[in-house]
Amino acid sequence: MIASRELARWRRLAVALLFGVNFLNYIDRYVIAAVLPLIQAEFRIDDTAAGYLVSTFVVVYMLASPLTGWLGDRFPRRHLVGGGVVLWSLATVASGLATGYRSLLVARSFIGIGEAGFGAVSPTIISDLFPRERRGRMLAFFYVAIPVGSIALASLDGDL
């Protein structure tokens, strides 16, 4: 049996790992807006097509989240979160290697599916790990990655 002190350490490590992934999640989610003028020039697309490129992620994420939440109640959550991270990471690589507008659009769609697998289920993992008295603090730490990731991207925006 794992000692109480060691178990507490593993729980904190899990939250730290989920924080780190959530941090990268928000950078990855919004980086498209930072490089959109470069994408428009590279693929010679107008503002409407660029808008579809940004919106596709949001629409797919919105449609996939209820499904991934439902799956998170029926299957091991760590597998769903891990699979979501792997899917969105591969889709991010595919975005970087995209040779045309359509391939970039498809890759951004898969990023939405992968992030839905992570975003809809990760808070429930944290809730499972901690008693009610500590859960709010741990979830707050997890969610602070959103503004931190956004600020990190904003600070990089001038360098892109």
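The following exercises, each with a worked solution, concern the structure shown above.

The structure is a predicted model, in which local features need pLDDT of at least 70 and side-chain atom pairs count only at pLDDT 80 or more, while totals for chains, interfaces and linings use all residues. Residues are numbered from 1 along each chain as its sequence is written, and side-chain values use heavy atoms, with hydrogens and water left out.

**Exercise 1. Overall architecture**

Determine how many helices and strands the protein has, and describe the extent of its C-alpha atoms.

Solution.
- Step 1. Helices (H or I, at least four residues) and strands (E, at least two) are DSSP runs, numbered from the N terminus.
- Step 2. By this count the protein has 7 helices and 0 strands. The order of elements from the N terminus is α-α-α-α-α-α-α.
- Step 3. Along the principal axes, the C-alpha atoms fill a box of roughly 60 × 35 × 20 Å.
- Step 4. Contact means heavy atoms within 4.5 Å. Among contacts with a separation of 6 or more, 76% join residues 24 or more positions apart.

**Exercise 2. Surface and burial**

State what share of the residues is buried, and decide whether Met62 is buried or exposed.

Solution.
- Step 1. Buried means under 20% relative accessible area, exposed over 50%, and partly exposed in between (1.4 Å probe, protein chains only).
- Step 2. Of the 160 residues in the protein, 37% are buried.
- Step 3. Accessible areas come from the Shrake-Rupley method with a 1.4 Å probe; for residues, only the protein chains shown count as cover. The accessible surface of the protein is about 9500 Å², and carbon and sulfur atoms hold 67% of this area.
- Step 4. Met62 is located in helix 2 (residues 47-72). Met62 counts as exposed because its relative accessibility is 53%.
- Step 5. Together with Val59 and Leu63, Met62 forms a nonpolar patch on the surface, with about 310 Å² of accessible area. Such a patch is made of residues with over 30% relative accessible area and no salt bridge, nonpolar side chains (Val, Leu, Ile, Met, Phe, Trp, Tyr) being joined within 5 Å.

**Exercise 3. A buried salt bridge**

Find the partner of Glu115 in a salt bridge, and explain which parts of the chain the pair ties together.

Solution.
- Step 1. Side chains of opposite charge can pair when their charged atoms come close. A salt bridge is a side-chain nitrogen of Lys or Arg within 4 Å of a carboxyl oxygen of Asp or Glu.
- Step 2. The whole structure contains 3 salt bridges. In one of them Glu115 pairs with Arg29, with the closest N and O atoms 3.0 Å apart.
- Step 3. Glu115 belongs to helix 4 (residues 101-119) and Arg29 to helix 1 (residues 4-43), so the pair ties together parts 86 residues apart in sequence.
- Step 4. Glu115 counts as buried at 0% relative accessibility, and Arg29 counts as buried at 10%.

**Exercise 4. A network of charges**

Identify which residues are joined with Arg77 into one network of salt bridges.

Solution.
- Step 1. Arg77 meets Asp73 in a salt bridge of 3.4 Å, N to O. Asp73 is exposed, with a relative accessible area of 56%.
- Step 2. Arg77 also meets Asp128 in a salt bridge, at 2.3 Å, N to O. Because Arg77 lies in helix 3 (residues 77-97) and Asp128 in helix 5 (residues 122-129), this pair ties together parts 51 residues apart in sequence.
- Step 3. Asp128 is exposed, with a relative accessible area of 53%.
- Step 4. Salt bridges that share partners thus join Asp73, Arg77 and Asp128 into one network.

Definitions and conventions:
Patches are made of residues with over 30% relative accessible area and no salt bridge: like charges are joined within 9 Å, nonpolar side chains (Val, Leu, Ile, Met, Phe, Trp, Tyr) within 5 Å.
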